[in-house]
Amino acid sequence: MLTLLNYQIGSQIYESVNSLVYRGHRNEDNQPIILKMLKEDYPTPLALTRYRQEYEITQDLDLAGVIKVYGVEKYQNTLVIILEDFGGESLKLLMAARPLTLKEFLPIALQIADSLGNIHAANIIHKDINPSNLVWNQATNQLKIIDFGIASRLPRENPTLKNPEQLEGTLAYLSPEQTGRINRSMDYRTDLYSLGVTCYEMLTGFVPFDATEAMELVHCHIAKTPTPVCDVNSNVPPIVSDIVMKLLAKNASDRYQSAFGVKADLAKCQENLTGLEDLSGLQFELGQNDFSGQFQIPQKLYGRENEVNT
């Protein structure tokens, strides 16, 4: 059992491949806290470095839509990160029973898009956006993004080719470029694809691709077009379905170019929800307020089609 000076440790609330997560209280002020520790008794130096990096990135962000960290403590041969407990539960748990209604979905999706926009503005790529890493307090309507364990401070990365079982991130939510199997570098737009998968699941109860084999799932992300959201759940209006499908574009340049662009289109849907009730008649051009605050070099060859195709 975990025992840590200055903290009362309560029940274990989550277990992942690498970590154990507990609820508890800080003795000095009875402040509710979350404690996250590496599962291994003797973690590798790389794992310890990653944990310190997770702590530092989360601390530096200091955003309303990101979980706050109070400290990092040594415990035997490992590390424990002390985080705020704002009384939320992961979206994964909350939507286990059924998909979200449109009225439930829009305010949550707006908060995720806004938080992601602020994270990207701080030059951080999260790389593991999925419902398990989105914590929502239903009473306060507050949503926070957690788990920056594989986050990157780099504006762009070139993922290396790996066995699908060894890929960083959660495979069902990974962008084509994050798989390392296409000749494209990865930037913050990888998070927008993962947001698309998350929105798809919130509205339908299913991820776009349900392949059980890792290699097949990678192939789906790269080459298979998902069934439109409105065809899976007829209660979802076409305009909302189109927003999600734009996020799921295979080529990053065909997606939204900023999380704030996604937020603007979702806000337009939210504004019209009261008058139209189901948004079935709402139509507008997507991405009118979408722009990237970062200069992007197109990763496509122009004017050399004949040579490329030979």
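The legends below describe close-up views of a predicted model.

**View 1. The hairpin formed by strands β7 and β8.** Strand β7, covering residues 134-137, and strand β8, covering residues 142-145, pair in the antiparallel sense, and four bridges join them. One of the positions on β7 is V135, whose bridge partner in β8 is K144. Four residues lie between β7 and β8 in this hairpin, and within the turn N141 has a positive phi of about 60 degrees.

**View 2. Helix α1 and the elements that cover its buried residues.** Helix α1 runs over residues 45-61 and contains 17 residues; the distance from its first C-alpha to its last is 24 Å, close to the 24 Å expected at 1.5 Å a residue. Buried positions in α1 are Y51, E54, Y55, I57, T58 and L61. The cover over the buried residues of α1 includes the strands β2 (19-26), β3 (31-38), β4 (69-75) and β5 (78-84), together with helix α3 (102-121). Just after α1 comes D62, which takes a positive phi of about 45 degrees.

**View 3. Helix α4, a mostly covered helix.** Helix α4 comprises the 16 residues 189-204, and 16 of its 16 residues are buried, that is, under 20% relative accessible area. Because a helix of this length should span 22 Å at 1.5 Å a residue, the 23 Å that separates the end C-alpha atoms of α4 agrees with the expected value. The residue that follows α4 is G205, where phi is positive and near 90 degrees.

Terms used:
Residues numbered from 1 in each chain as written. Predicted model: local features only at pLDDT ≥ 70, side-chain atom pairs only at ≥ 80, totals over all residues. Heavy atoms only, no water. Pairing = 2+ DSSP bridges. Helix = DSSP H or I, 4+ residues; strand = E, 2+ residues; numbered from the N terminus. Expected span 1.5 Å × (residues − 1). Buried < 20%, exposed > 50% of the residue type's maximum accessible area, 1.4 Å probe, protein only. Contact = heavy atoms within 4.5 Å.
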